[in-house]
Amino acid sequence: MEKHLIGSFLKRIKRPIDLDDNKDYKLVTIKMNHRGVTLREMKKGDKIKSKMYVVKEGDFILSGIDARNGAFGIIPKELDGAIVTNDFWYFDINENIISKKLFLELTATSWFDTICKRGSDGTTQRIRLQKDKFFNQKISLPKIEEQVKLLDKLLTSKEKQSKINNEIKTQKKLLQNLKQSILQEAIEGKLTADYRSQNTTESASELLKRIQEEKKQLIKDKKIKKEKPLPKITKDEIPFQIPDNWVWCRMQETGLFERGKSKHRPRNDSKLFKNGNIPFVQTGEVARSKNNGYLIDSCSTYYNEFGLEQSRLWKKGTMCITIAANIAQTGFLNIDACFPDSVVGFTALSDKSISKYVRYFIEATRSDIEKYAPATAQKNINLGIIFMLKVPLPPVNEIKLIVEKVEEAMSKCSLLEQEIEKSEKHATLLMQSVLKEAFEVA
């Protein structure tokens, strides 16, 4: 192994260009996390105010601002002759020190990420590659004759890793399909077919009656407002057959739905949160709850007493449903918390197990629910759409059994997920072990 300065084999080059005001130019962008070099936009010369530089097919290029985040790559054929600002660096590679093929393979690994991180500096908002710090790093490199063997090892490991990654991708897709199948069979009554063949249960219409009676009492006690009547479900609307003792109903009929409250505008006003200690759950935290068994037990922002006055404190156990940004994501509060009007709170009546069944229904039909969102940058659906959704409702005893069976099946899926994660880690370690064996960044 021999030590070399980065600057001894990477020489920054520049190809300045005088722009023609009437000509269209390709502008380059580099995606982070090793996702490559792409076209950002086409722009006329008279609209470009910065000094620009030409790049050529095959150039190794990086972003001075985001190189530490994996923003580097090779200029593809279609971007030959494109232009970049001075924030982008591209290089000649001295092949007397390092093989260009080997170098380009190494840049697709954590090896070059580490070099870029060590070569970056600045304030929090202005961290970028620093010329001296970057080029004056010393690294250990194998001798040229040994680099051929290292390249061969890297390419072999890369091929193995690619096969493993493809297999992992297939396994993830199959597991997702399995989960979806479990949920679909749950809401169609297929999971509990044996139970029905051996037991006689009441009709789900009796459960609906009990829910309606509870709602009437709550209205009488002035705890909720009277609901507007919903249209009956016609035969033409029914998407699939359900067991005889089940009923089709509108989502609103299954319990109480209410949007979170955000009376104060703007909602990000610091006086709502200063010295706060009251959990304020947002849509992203509802979406992420699936990684925690659909339990929401932490958040990143907290209301103070003034914030609470503008909102409402929801009790632990409330099911949250997102209707903006992350549409139809669900989770259960594991803490008392507030949430904005982009989240809907669901409270089960008659029996708590209904909440979990309703969540299964939403999970099973999310792709259909998302279709109701307008094609805008900020996707959202209104509460009226949630109310109108057609839900196949089982009797309460069967709901409890469905919850039990789904939780058991999903527990097995979690074990499979853990095995897939182990395979992913193994695939990552495969390449790292080759790099460790070959050299270390000095």
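**Ring contacts, salt bridges and pockets**

The charged end of Arg 312 sits over the ring of Trp 314, at 3.6 Å from the ring centre. The model described here is predicted. A second contact of this kind involves Arg 359, whose charged end lies over the ring of Tyr 294, 3.7 Å from its centre. Arg 359 and Tyr 294 will return below, as both are among the residues nearest the centre of the largest pocket.

Rings also meet one another, and the structure holds 22 aromatic pairs. In one of them, the ring centres of Phe 257 and Phe 346 are 4.6 Å apart with the planes at 45 degrees, so the pair is classed as tilted. This contact links distant parts of the chain, since Phe 257 belongs to strand S15 (residues 255-259) and Phe 346 to strand S21 (residues 343-348), 89 residues apart. Phe 257 has 10% relative accessibility and counts as buried; Phe 346, at 1%, counts as buried too. Another tilted pair is formed by Phe 280 and Tyr 303, with 4.4 Å from centre to centre and 40 degrees between the planes. Phe 280 is found in strand S16 (residues 278-280) and Tyr 303 in strand S18 (residues 301-303), so this pair ties together parts that are 23 residues apart in sequence. Both Phe 280 and Tyr 303 are buried. Elsewhere, ring pairs join Phe 9, Phe 60, Phe 72, Trp 89, Phe 91, Phe 103, Trp 111, Phe 112, Phe 134 and Phe 135 into a cluster.

Turning to charged side chains, the structure holds 23 salt bridges. One of them brings together Glu 398 and Arg 196, with 2.5 Å from N to O. Glu 398 is part of helix H13 (residues 396-438) and Arg 196 part of helix H6 (residues 193-198), so the bridge ties together parts that are 202 residues apart in sequence. With 0% relative accessibility, Glu 398 counts as buried, whereas Arg 196 is partly exposed at 22%. Helix H13 also takes part in a salt bridge through Lys 400, which meets Asp 351 at 3.3 Å, N to O. Asp 351 lies in the loop between S21 and helix H10 (353-364), so the pair ties together parts that are 49 residues apart in sequence. Here Asp 351 counts as buried at 17% relative accessibility, while Lys 400 is partly exposed at 41%. A more local example is given by Lys 209 and Glu 206, which meet in a salt bridge of 3.5 Å, N to O. These two residues are both in helix H7 (residues 204-220), three residues apart, or about one turn of the helix. Glu 206 counts as partly exposed, at 32% relative accessibility.

The pockets come next. The largest pocket has a volume of about 940 Å³ and a lining of 29 residues, with Lys 179, Lys 290, Tyr 294, Arg 359 and Met 410 nearest its centre. At least two lining residues come from each of helix H5 (144-188), H10, helix H11 (366-370) and H13. H13 gives the most, with eight. By class, this lining comprises eight nonpolar, 11 polar and 10 charged residues.

The second largest pocket contains about 650 Å³ of space. It is lined by 22 residues, and Gln 212, Pro 229, Leu 230, Lys 232 and Glu 253 are the closest to its centre. H7 and strand S14 (247-250) each supply at least two of the lining residues, and H7 gives the most, with eight. Nine residues of this lining are nonpolar, three polar and 10 charged.

Conventions:
Residues are numbered from 1 along each chain as its sequence is written. This is a predicted model: local features need pLDDT of at least 70, side-chain atom pairs count only at pLDDT 80 or more; totals for chains, interfaces and linings use all residues. Side-chain values use heavy atoms; hydrogens and water are left out. Rings of Phe, Tyr and Trp (its six-membered ring) pair if their centres lie within 6.5 Å; planes under 30 degrees apart count as stacked, over 60 as edge-to-face and the rest as tilted. Helices (H or I, at least four residues) and strands (E, at least two) are DSSP runs, numbered from the N terminus. Buried means under 20% relative accessible area, exposed over 50%, partly exposed in between (1.4 Å probe, protein chains only). A charge sits over a ring if NZ of Lys or CZ of Arg is within 6 Å of the ring centre and within 35 degrees of the ring normal. A salt bridge is a side-chain nitrogen of Lys or Arg within 4 Å of a carboxyl oxygen of Asp or Glu. On a 1 Å grid over the protein atoms alone, a cavity is a set of points where a 1.4 Å probe fits but cannot get out, and a pocket is an open set with protein on both sides within 12 Å along at least five of seven lines; lining residues have an atom within 4 Å of a point. Grid points are joined across faces, edges and corners, and a volume is the space filled by probe spheres set on the points. Ala, Val, Leu, Ile, Met, Phe, Trp, Tyr, Cys and Pro count as nonpolar, Asp, Glu, Lys and Arg as charged, and the others, Gly among them, as polar.
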